[in-house]
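Trainee: Could we go through this structure together, one question at a time, with the reasoning spelled out before each answer?

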Amino acid sequence: MRDEETGNRLGSYLRARRALVSPAQAGLPPGGNRRVPGLRREEVALLAGISPDYYLRLERGRDKNPSPQVLESLARVLRLDDIERAYLLGLAAARPRAPRRKRPEHVPARVHELLAHLQIPAFVEGRAFDVLASNSMAVALSPRLRPGQNRLRSLLLDPEERAFHQDWAKATADFIAALRTTIGDDTDNPRFVELVGELALSSQRFRTLWARHDVRSLEGGTTTVHHPVVGELRLHRDKLPIDDVILVVYYPDKDSDSDEKLRLLASLTHTESTRTAEERPADIPEPEDALTNPRRAPR
């Protein structure tokens, strides 16, 4: 991935994060002639209690073994939260590793059965937000939840998906930060390389947010969406790991307005499925049917 700068992921992360901290946030005067956004290198070094030369070596990848104490100080100066701090510590702890053998993501048969029984929108996604399987309610909620779709690509490039989300800006920021967290040190994974490359070429929003090096966990939560048929829905989201994949379910508060709308959507989906089945042409009996069913024998 190009922004990792030939393996200097720690330096890339430090540069990106210090650009997001204003002098005022760090308790420093703004100054009149600042050529860089955020904090200068020497300011980070001063506030972290290390020498400017040592901090420069960290950013340029010349020292890849900072102590935990140094990293904790940098996390404090850069105002990192718990997830970002853990990510920083992980970058410093990363070591060269043998290439991993890539296994195709597989949805267990029992999960397909589970999807068929669930009466709420549910689908299975892979590590790169590829939709691997889904039930009819998920597709009724959003056609972009069909197997073969990629949730992040749809979110960034599909106008209908943008209109679907009440807070599209937050959704894109959350998804992109979650993707970076998921990638971790698996930067040579062909699927990640392909997806990041595609979105970097086709989406300015992706390029802007990817350059921030935000990391975030995208697990449970509540979202509001605008469905073209039943209107606004307020839904909770839970992500449940199953083997190497993730089961995602959306559900409303019981007896809420969104619950009623989701039941209406389920009814419409069932009606449409029934109508489609009724419109299918009847099966033409095979020749052997005449032998096994006398009533079908030609007269």
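Trainee: In what order do the 5 strands of the open sheet follow one another?
Mentor: In this predicted model, the sheet is open and its pairing is antiparallel. Strand E2 (131-134) and strand E3 (221-227) stand at the edges, each with a single partner strand, so one side of each lacks a neighbour in the sheet. From one strand to the next the twist averages 30 degrees. Read from edge to edge, the order is E2-E1-E5-E4-E3.

Trainee: How many bridges join strand E1 to E5, and how many are there between strand E4 and E5?
Mentor: Both pairings are antiparallel, E1 covering residues 122-125 and E4 covering residues 231-242. On the E1 side, Phe123 stands opposite Val248, Ala122 has Val249 as its bridge partner, and Glu125 has Ile246. On the E4 side, Asp238 stands opposite Val249. The counts are 4 bridges for E1 with E5 and 7 bridges for E4 with E5.

Trainee: Why is strand E5 described as largely enclosed by the rest of the structure?
Mentor: A residue counts as buried when its relative accessible area is under 20%, and the strand in question spans residues 245-251. E5 is largely enclosed because the number of its 7 residues that are buried is 5.

Trainee: Which residues of E1 are buried on each of its faces?
Mentor: Both faces of E1 are covered, and the buried residues can be listed side by side. One side carries Ala122 and Val124, while the other carries Phe123 and Glu125.

Trainee: Which residue in the turn between E1 and E2 has a positive phi?
Mentor: E1 and E2 pair in the antiparallel sense over 3 bridges, and one of the paired positions is Glu125 with Val131 in E2. The two strands form a hairpin with 5 residues between them, and the positive phi, about 70 degrees, belongs to Phe129.

Trainee: Which residue takes a positive phi in the hairpin of E4 and E5?
Mentor: This hairpin has 2 residues between the strands, and the phi in question is near 55 degrees. The residue that takes this value is Asp243.

Trainee: At what angle to E1 does helix H6 run?
Mentor: Helix H6, residues 109-117, lies across E1, E2, E4 and E5, so far as its contacts with the sheet are described. Taking E1 as the reference strand, the angle is about 155 degrees.

Trainee: Against which helices do the buried residues of H4 pack?
Mentor: Helix H4 spans residues 68-77, and its buried residues are Val70, Leu71, Ser73, Leu74, Ala75 and Val77. After H4 comes Arg79, whose phi is positive, near 60 degrees. The buried residues of H4 pack against helix H1 (9-18), helix H2 (41-48), H3 and helix H5 (82-93).

Trainee: What is the handedness of the crossing in which H2 passes H4?
Mentor: The axes of H2 and H4 are 9 Å apart, and the helices pack at an angle of about 115 degrees. The contact is made by Val44, Leu47 and Ala48 of H2 together with Ser73, Leu74, Arg76 and Val77 of H4. The crossing is right-handed.

Trainee: Is Glu59 buried or exposed, and which side chain makes a polar contact with its own?
Mentor: Glu59 is found in helix H3, residues 52-59, and counts as buried because its relative accessibility is 0%. Not counting residues up to four places away in sequence, Glu59 touches Asn8, Gly11, Leu14, Arg15, Arg18 and Arg41. The polar contact made by the side chain of Glu59, at 2.6 Å, is with the side chain of Tyr55.

Trainee: How far apart in space are Ser202 and Leu157?
Mentor: Ser202 belongs to helix H11, residues 190-202, and is partly exposed, with a relative accessible area of 40%. A polar atom of its side chain lies 2.8 Å from the backbone oxygen of Glu198, and beyond four places in sequence Ser202 is in contact with Leu157 and Arg207. Ser202 and Leu157 are 45 residues apart in sequence, and their C-alpha to C-alpha distance is 7.9 Å.

Trainee: What percentage of the 299 residues in the chain is buried?
Mentor: The chain has 14 helices and 5 strands, and exposes about 17300 Å², of which carbon and sulfur atoms supply 53%. Buried residues make up 41%.

How values were computed:
Residues numbered from 1 in each chain as written. Predicted model: local features only at pLDDT ≥ 70, side-chain atom pairs only at ≥ 80, totals over all residues. Heavy atoms only, no water. Buried < 20%, exposed > 50% of the residue type's maximum accessible area, 1.4 Å probe, protein only. Polar contact = N/O pair within 3.5 Å; in protein donor to acceptor, adjacent residues only side chain to side chain. Contact = heavy atoms within 4.5 Å. Pairing = 2+ DSSP bridges. Areas by Shrake-Rupley, 256 points an atom, 1.4 Å probe, with all protein chains shown as cover. Axes fitted to C-alpha atoms, helices over the stretch in contact; angles between N-to-C directions. Left-handed = near helix turned anticlockwise from the far one by under 90°.
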